[in-house]
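Reader: I am new to this structure and would like to go through it slowly. Could you show it to me before we begin?

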Amino acid sequence: MSDEHVLDSLPAYALGSLEAEESRRVDEHLSSCWICRDESNSFQMVVEQLSFAAPAAAPSPDLKERLMQRVHSTRLAPRVQAQPAKRPWLERLLPAWGLASLCLLIGLAGSNLFLWQRLNQLPVGTTSLGMRAVPLSASVAGSTATGFVLISADGEDGALVVDGLPPLEEGKQYQLWLIRDGQRTSGAVFSTDENSYGGTRIRAPLSLLEYSAVGITIEPQGGSPQPTGKQVLGGPLFSP
Amino acid sequence: MKSDYARYDDERLIRLITEAREEALDQLYDRYNRLVFSLALTIVNDRATAEEITLDVFMRVWQKAGTYRADQAKVSTWLTHIARHHAIDVLRRRAVRSDQYAVQWEEAIYAKSPQQDPQESAELSMRRERVHAALAQLPPDQKQAIQLAYFGGLTQSQIAETLKQPLGTIKTRVRLAMQKLQSFLRDEQNSEDKSVEAQRTYNISKEE
């Protein structure tokens with residue numbers, strides 16, 4: 001078969017509508033026949049243009065924001081391997097925490113990569129550079145979720161890393177709330193990966209030193225103006 | 001500055017994305033989100049799913065821009081290729097065929113995106129018109145076969161089953177339709193190339 005031209009099959013091949021066996025035969029033939037390959041390329045060009053036949057439609061205006069949030073999320077918390085569950089919370093979070101905080105650390109004047117190693121050996125809330133790692137605890141009975149908030153010395157930068165928060169169903173995301181005088185302000189909307197890890201940079205209108213506590217709730221995709229779901233993780237930050 | 005990115009061509013944006021420049025992704029999104037979303041929506045017929053597919057396509061660009069090969073495809077082709085295959089995968093996982101393939105392609109709306117550069121918007125509209133004109137040359141049964149293959153991701157056997165027609169009939173329809181489209185779009189491309197060349201010659205002579 002591979003010696004016979006396959007010109008009649010090329011239109012359907014370009015569309016991807018051949019049966020698997022026939023598609024394989026065409027593949028094999030094209031690898032050695034420039035005549036059919038040229039013709040195949042020509043039909044591929046037709047298929048490429050068919051995408052323009054789809055009736056024009058526009059996605060929601062907030063889709064770009066969701067995209068950029070995902071981008072930030074992946075930059076701050078690349079995938080890591082699941083860790084055994086028996087180690088202390090800070091140690092278990094080390095891979096995600098180290099990577100997630102990297103961007104933040106780089107952005108902070110005077111930061112260095114020894115910070116993380118040292119932080120792991122210091123009591124919570126103290127680092128040589130005045131950065132604070134504030135642990136969060138599960139708000140739901142029986143949950144093993146943990147996490148912490150890292151806040152720069154001046155309160156202008158912050159990162160969140162969580163562990164043990166399972167990936168949510170489609171259309172849902174976790175949202176971090178910064179609490180001040182009983183008012184809740186969104187600090188981040190994020191998702192967790194298949195290992196139940198997640199991380200994100202915290203964005204706040206005020207210095208993070210101004211907030212007394214944080215909470216994480218489950219909200220519709222993209223986040224809500226105010227919390228609507230049950231709190232799953234939280235903890236006190238400072239006493240302003 | 002974002003205005004600088006607006007001046008960069010697609011390939012340069014892809015190179016900048018490999019350097020993790022978010023502004024480049026932002027710009028590429030502005031250029032092609034409607035094309036990707038429109039294609040995904042036509043295939044899956046559900047806005048929320050089409051938006052998720054659009055997000056996945058641009059996330060893949062963000063994470064895999066280094067795999068793009070300019071000598072193999074234009075950026076727009078790469079994007080629509082990813083979008084189409086991802087959308088068809090979603091459709092197959094659902095194992096439910098929607099009935100949107102009866103859509104009248106001629107009813108496409110040419111609304112300009114507020115995010116899109118007017119020139120890019122006009123170019124997209126022009127390309128759409130060209131493809132619609134080509135499709136308008138086809139008899140309805142041939143057009144239907146192409147729709148089911150391209151937007152439905154169906155094999156020829158599945159199309160035959162769906163339309164309750166002999167497989168040989170479907171093969172003939174697909175082949176004839178693609179040959180006509182090939183001929184029409186190639187002629188259009190040639191005349192477009194000549195027009196561009198004529199304009200370039202005119203501009204050169206004016207400068208001289």
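**A hairpin, a contact and the confidence**

Author: In the hairpin of β4(A) and β5(A), where 2 residues lie between the strands, a positive phi near 50 degrees is taken by A:D181. Strands here are DSSP runs of E with at least two residues, helices are runs of H or I with at least four residues, and both are numbered from the N terminus. This is a predicted model, in which local features need pLDDT of at least 70 and side-chain atom pairs count only at pLDDT 80 or more, while totals for chains, interfaces and linings use all residues. Residues are numbered from 1 along each chain as its sequence is written, and chains are lettered from A and ligands numbered from 1 in the order in which they are written.

Reader: In what sense do strand β4 and strand β5 of chain A pair?

Author: Two strands pair if DSSP finds at least two bridges between them. For β4 (residues 172-180) and β5 (residues 183-190) of chain A there are 7 bridges, and the sense is antiparallel.

Reader: How many residues does the contact take from chain B?

Author: Two residues are in contact if their C-beta atoms, placed from the backbone, lie within 7 Å. Chain A gives 33 residues, and chain B gives 48 residues.

Reader: Over which residues of chain B, with 0 contacts beyond four places in sequence, does pLDDT stay under 50?

Author: pLDDT is the predictor's confidence in each residue, from 0 to 100, and chain B averages 81. Where pLDDT is low, the predicted coordinates should not be read in detail. The stretch asked for is residues 199-208 of chain B.
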